[in-house]
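Thanks for making the time this morning. I would like to go through one model with you, starting from a single helix and then widening out to the chain.

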Amino acid sequence: MKKLLIVVDFQNDFIDGALGFPKALTLVDPINAKIKEYLENNDDVIYTLDTHSDDYLNTCEGYNLPITHCIDNSFGHKINAKCDYSDKAIKVFKKPTFPSLELAKFLENTNYDYVELCGLVSNICVLSNAVMVKAALPNAKIVIDSKLTSSFDVELEQKAFDVLRGLHIEIL
């Protein structure tokens, strides 16, 4: 079985930076363990990075979420140091918005049987990238472990999980 782990936006600004929240800190060790597990099994790992420029506040997202974050090459943009195995990843996708179209285009030319997503934020970037994976790999088993993702809003997270289940994405 060909397996892939997608680590979504596990960046400093979402953990303890500009948009950080307490539960995000609790994910560092479990996500680190999950990445190590995939790498030790010679399975593939991909990272997505929320990536903005200095004009973020003048973008559509910036108007709706006026908190500057994940500015390219800033400390907040970097992957959490304990979980940064990007040198061993097969790809790292910088994305200017919630889902990565580049990720979906890349995946549609692969033959993964099993894709697991983890990272932040469950009801925004994890959800939107899971949908992109489903579009690119409609017959793959797609899984999100609820212990490896989180949101600042528990109610929205549960609604997102319900939507994902409806799209045949398994929530563990």
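Helix α6 covers residues 122-136, and because a helix should rise 1.5 Å a residue, its 15 residues should span 21 Å, which agrees with the 20 Å between its end C-alpha atoms. The expected span here is 1.5 Å times one less than the number of residues, and helices (H or I, at least four residues) and strands (E, at least two) are DSSP runs numbered from the N terminus.

I should say that this is a predicted model, in which local features need pLDDT of at least 70 and side-chain atom pairs count only at pLDDT 80 or more, while totals for chains, interfaces and linings use all residues. Residues are numbered from 1 along each chain as its sequence is written, and side-chain values use heavy atoms, with hydrogens and water left out.

How enclosed is α6 by the rest of the structure? It is largely enclosed, because 11 of its 15 residues are buried, where buried means under 20% relative accessible area with a 1.4 Å probe, counting protein chains only. Among them are Cys125, Leu127, Asn129 and Met132, and the buried residues of α6 pack against β1, β3, α5, β4, β5 and α7.

Two of those residues, Asn129 and Met132, are also in contact (heavy atoms within 4.5 Å) with serine 100, as are Phe93 and Lys95, leaving aside neighbours within four places in sequence. Serine 100 lies in the loop between β3 and α5, and it counts as buried because its relative accessibility is 2%.

For the protein chain, the secondary structure comes to 7 helices and 6 strands, and buried residues make up 51% of its 172 residues.

Note on methods. Buried means under 20% relative accessible area, exposed over 50%, partly exposed in between (1.4 Å probe, protein chains only).
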